[in-house]
Amino acid sequence: MKNFERDNYHLPSVDYFQRFVEKDERTYSLYERLCKKVPLRISCPKNIRKSLEEAIWLSGLKITPEEAYSFAFFSFLFSLLIFLPVSLLDVPSSLIFLSFPILILIHLITYPKFYSEVIRIRAANEAASIVLYMVSYLSLNPVYDAAIVYAASRCHGPLGNDLKRVVWSVFSGKYTDMKSALSTFSKKWLLWNEEFVNSISMMQLIEIVPSQERRSEILQAATERLLKGNYKKMEGYAENLRTPSLLLLFFGIMLPLIGLVAFPLTSIFLAGAINPFYVAFGYTILLPIILFWFLYRILSKRPGGYSHSEKIEEVQPNKYLRIGNLQLPIVPLAILFGLILMTPGLIHYAELFSYYHYITTNYSPSRAAELWKEFSLSSYSQEYILKDTFRAMFVLWGISFAIIFTYFFRSFGPFQFDQYIRKLEADFEYGLFELHSALQQNAPIEIALDKVKKQYERINKTDSPMYHFFSKLYEKLVKEARSLESILFGESGLLTTIPSSMIKNVMSIIISAISKSASIASYVAKNISYYLGRLSEIEELIKKSTIEITSNLEMQGKLIAPFMAAIVASSAVIIIQLLNGVAYILKSFQQLQGSVIIGETFTDIFDLLKIQEVIPPTLMQLIVGIYFIESILIICYFYVGIARGFNKVHREYLTYKWMLSGIILFSIIFFGVVWAFQPIYNQIAGRLE
C-alpha cells in the first residue's frame, strides 16, 4: 500500500477501518437475527434457492438460503395459527384473515430479492457522492489509492461500506494492492451500477498523466459517465411511477370511496351479508396498510435525487416544544389536545353504542330491532342529523388537530433551516467558481474572499446564503488571529452547525489546497465547481422528469382526496336520510289507510327497507373521515418520497399544510352538501307547510 503520510489531515488511521469491519461482522439486522433463531431448518427448493443465493450475495445479508426459507415458512405457520380461530367466524372473515398468512409468506420469501434491489438503488444513489469526494481529493493530490481511502471514510452507504472493506483487505494483507481488491468487489458493483465502476476505473489514469489539464479532462469524463447513467435510470424510474400514481388515485382513493356511497343501500338489500365491522376494518386498517406497503416498496427503489446532504447529516425534526425555560414533549401534548377536542364526538359515539348495547342485551331480538328502528327514524330527521354530524365531526377535527399540531411544531423551524442548507448547497457551485477566479491570481485567501464578496455585491446577490457565509469567513479571518481551519472546524466554527457533509468535506479539501498554494487551490476549486454544476443540471432534469407525477399527487392530496371524501360522507348521510324519508312516508300512509290489503302492501314495502339495518350516518362519516386522513398521510409520504427521498422534516412540514387545508375543505363541503339537502328532505318527508 502506498504511503499516505504526506496528507494525514484527510485520511483516517488503519484502526478506523479495522473497527468498522469487526463491528460489521458482529452486527445483525432484525431480519437476520430472526432468520437465525428459527428452531428448525427446512431444505430450500432448488428453484427458490438459486434466487435466494443471488439476492443474499448482492445484498450482503449474513444468512443462508435455508435460514431465509425456514423463517418464511415458520412465520406462515405461526400467523396461520393466530388468524385461524378468527377466520372460522364466517365466510368474509375467512377471506380477510386467511389472506394474511399468505401475504406474510409472499413478503418474506421475496424479501431478500427486494432488499437486494433496495441496496442496489442505494448504492447507485451513493455513487455520486463517492465520485464527488474522489474528484475533490484527486484534484488536490493525484494519488488514486488515497482517494479511495478518503471516499471510503466519507461515505456510509452500501458502496461506502464496501470501500471500507476494500481498504481494510489491503491494510490487513489479504490483497497486495488496491486495484486487486477493487477488481474483486467490482463483480458485485457492476450489477449495482456499471457506470460507477467505469468512472472509478477511468480515474486510475490520473496517476500516469503528468499534465494537470489532462487530469481535469479525465475527472470530467468520469463525472459525465456516471451522471448521465444515473439520469437515465431516474428517467426510467419516473416513467414507471406514472402507473403507481394513477393506481393510488383510482384504486386507492376514488374507487374505495365510491364503494362507500353504495354501502347504505347494500346494507339494506344484503342485510346480514355485509358486516359494518368489516367495512370499518377494511377502510381504516387493511387498505391503508396495503397501500403503504405497496408505495414503500416503490419508494425504496427510488434512484438518487442527488441531494448532497447525507442522511446522517440531515436536519432533524424537533422533539420538544420550548416555552421560555419550559420544555414539553410535542407528541404527548398533541395527543392530549386532540383528545380534548374529540370529546363531543366521543360522547356522541358512546351514547350511540351504549343505547345499542342496552337494547340488544335487555330486549328480545325482534323488540330490539323495533326499538332501533324507532331510534333511527327519529335520529335521522333534520332536527337531529345536523347536530349529530356536527358532534361526530369533532372526532375527525381532533385527529387532524393532533397530526397538524405535531407536525407543525416538529417541522416548522427545522424546515426553514433545511431550506437554508439546500440553498447554501445550491449556491456552493457558484461560490467555488468565484473563489477559483480570485485564487487564480495567486492572491492570499483574505484578499480572494474579499473579491468574492464584492462580486456577489456587484451582481446583487447579497441575499444568497453563500454571500453571508463568505462574509462571515472574511470578517473572522481579518479580525481573529486564527487559522482558516480553526475558523471553519474549530470550536464554534462556521461549519460545525451546518448539517452538510458535502460542504464540510469539500472545504476541508480547499483548506488543504490553500496550505500548499493559491494556484493549486484554484485548480481544485475549479474541478469541484464543474462537478457540482453538472450535478445541479442533472438534478434539474430529474425534477422535470417527475414534475407530472408530483403535480398529480399534489392535486390528489390538496383537492381530490378531501373533495371526494366530503362528497362520499355527505352522500351517505343524504342516502340514509332519503331512506328515512321514504320510510316515514310509508309509515304515514300505513296509519292513514283502513284497507287491510293496502295496509299489508305498505307493510311489506316498509319491511323491505329495513331502516334498522342501515349503518348510522355518523359512523359512515367517521369511516370516510379516518380514511381521508390516512389518504393524506399516504399521498404526502409518496410525494415527498419522489421529490426528496425519506426526508422527515420535508414530509412532516408538507403533511401539516395539506392536512390543514384538507380538513377545512372536507368540513366545508360536507356540511354545505348536508345543509343544502335539508329543504329537499323536508319536502320528501312532507314536513314543509
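In these legends, Ala, Val, Leu, Ile, Met, Phe, Trp, Tyr, Cys and Pro count as nonpolar, Asp, Glu, Lys and Arg as charged, and the others, Gly among them, as polar. The views are taken from a predicted model.

**Figure 1. The lining of the largest cavity consists of nine nonpolar residues, with no polar and no charged ones.** The search of the whole structure finds one cavity of 30 Å³ or more. The volume of the largest cavity is about 40 Å³. Around this cavity stand Leu435, Ile445, Leu449, Phe470, Leu473, Leu484, Met507, Ile510 and Ile514. Two or more lining residues come from each of the elements α16, α17 (465-479) and α19 (501-516). Of the elements, α19 contributes the most to the lining, namely three residues.

**Figure 2. Trp189 and Phe196 touch the most other members of the largest nonpolar core.** This core contains 155 residues. Helix α20, which spans residues 518-592, gives the most to the core, with 20 residues. The close-up is centred on one of the two residues named in the title. When residues up to four places away in sequence are not counted, Phe196 touches Ala127, Ile130, Val131, Leu159, Trp189 and Leu226. Another core, of 16 residues, lies apart from the largest one, and its members include Val38, Ala68, Leu108 and Tyr111.

**Figure 3. A salt bridge joins the side chains of Lys36 and Glu67.** Side chains of opposite charge can pair when their charged atoms come close. In this pair, the distance from N to O is 3.4 Å. The salt bridge links distant parts of the chain, for Lys36 belongs to helix α2 (residues 30-36) and Glu67 to helix α4 (residues 65-87). The two residues are 31 residues apart. Are the partners buried or partly exposed? Lys36 is partly exposed, with a relative accessible area of 34%. Glu67 counts as buried, because its relative accessibility is 9% and buried means under 20%.

**Figure 4. Glu217 and Arg214 form a salt bridge within helix α11.** The N to O distance between the two side chains is 3.2 Å. Helix α11 covers residues 212-269. Because Glu217 and Arg214 lie three residues apart in this helix, about one helical turn separates them. The relative accessible area of Glu217 is 44%, so this residue is partly exposed. Arg214, at 40% relative accessibility, also counts as partly exposed.

**Figure 5. Asp450 forms a salt bridge with Lys454 in helix α16.** The closest N and O atoms of the pair are 3.2 Å apart. Helix α16 runs over residues 445-458. Since Asp450 and Lys454 are four residues apart in this helix, they are separated by about one helical turn. Asp450 is buried, with a relative accessible area of 16%. Lys454, by contrast, is partly exposed, its relative accessible area being 40%. Elsewhere, Asp24, Asp162, Arg165 and Lys188 are joined into one network by salt bridges that share partners. Over the whole structure, the search finds 17 salt bridges.

How values were computed. Residues are numbered from 1 along each chain as its sequence is written. This is a predicted model: local features need pLDDT of at least 70, side-chain atom pairs count only at pLDDT 80 or more; totals for chains, interfaces and linings use all residues. Side-chain values use heavy atoms; hydrogens and water are left out. A nonpolar core is a set of buried Ala, Val, Leu, Ile, Met, Phe, Trp, Tyr and Cys residues joined through side-chain atoms within 4.5 Å. Buried means under 20% relative accessible area, exposed over 50%, partly exposed in between (1.4 Å probe, protein chains only). Contact means heavy atoms within 4.5 Å. A salt bridge is a side-chain nitrogen of Lys or Arg within 4 Å of a carboxyl oxygen of Asp or Glu. On a 1 Å grid over the protein atoms alone, a cavity is a set of points where a 1.4 Å probe fits but cannot get out, and a pocket is an open set with protein on both sides within 12 Å along at least five of seven lines; lining residues have an atom within 4 Å of a point. Grid points are joined across faces, edges and corners, and a volume is the space filled by probe spheres set on the points.
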